[in-house]
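Work through these short exercises with the model in view. Try each task before you read its solution.

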Amino acid sequence: TEVRRLIAELDRFQHLFHHANDVIIVIDRHGTVQYASPSARRVFGWGDEILGQRVFDFVNEGDRSRLERQSASEPKATPPFLARVRHKDGNWVQLEA
């Protein structure tokens, strides 16, 4: 049935998100983290404590204002960017997204 097909498709996407090597972070229109994939923990050291935080608070100040402007002007289609993101240990990780 259609419901079973949709459930199977949802399970497949959840599996892809959960096991992807790429960092997947979903934010709301205010820049608040709603979801962070397990790969975010591997790359940045942050686990569930990042949920509910503003994503821009983890971005280096030198990159932050540019990203906030881009995000505000094109919220659904942010162009590719480079930024330094703070690792939990305090070091900076270069991010391309």
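**Exercise 1.** Find which residues L67 is in contact with, leaving aside neighbours within four places in sequence.

*Solution.* Start at L67 in this predicted model. Set aside its neighbours within four places in sequence; L67 is then in contact with F56, V59, F81 and A83. Next, look at the largest nonpolar core, which has 14 residues. I50 and L67 are the residues with the most contacts inside this core. Last, ask which elements give two or more residues to the core: they are β2 (33–36), α2 (38–44) and β3 (82–86).

**Exercise 2.** Place V43, then decide: is V43 buried, exposed or partly exposed?

*Solution.* First, locate the residue: V43 is in helix α2. Then take its relative accessibility, which is 33%. Buried means under 20% and exposed means over 50%. V43 therefore counts as partly exposed. Now list its contacts: V43 touches V23, H87 and V93, not counting residues up to four places away in sequence.

**Exercise 3.** How far apart are V43 and G62 in sequence and in space?

*Solution.* Along the sequence, V43 and G62 are 19 residues apart. In space, go from C-alpha to C-alpha: the two are 21 Å apart.

**Exercise 4.** Where is N60 found, and is N60 buried or exposed?

*Solution.* N60 lies in the loop between α2 and α3 (61–73). Its relative accessible area is 13%. The cut-off for buried is under 20%, so N60 is buried. To finish, find its partners: N60 touches R84 and W92, not counting residues up to four places away in sequence.

Notes:
Residues numbered from 1 in each chain as written. Predicted model: local features only at pLDDT ≥ 70, side-chain atom pairs only at ≥ 80, totals over all residues. Heavy atoms only, no water. Core = buried A, V, L, I, M, F, W, Y, C linked by side-chain atoms within 4.5 Å. Buried < 20%, exposed > 50% of the residue type's maximum accessible area, 1.4 Å probe, protein only. Helix = DSSP H or I, 4+ residues; strand = E, 2+ residues; numbered from the N terminus. Contact = heavy atoms within 4.5 Å.
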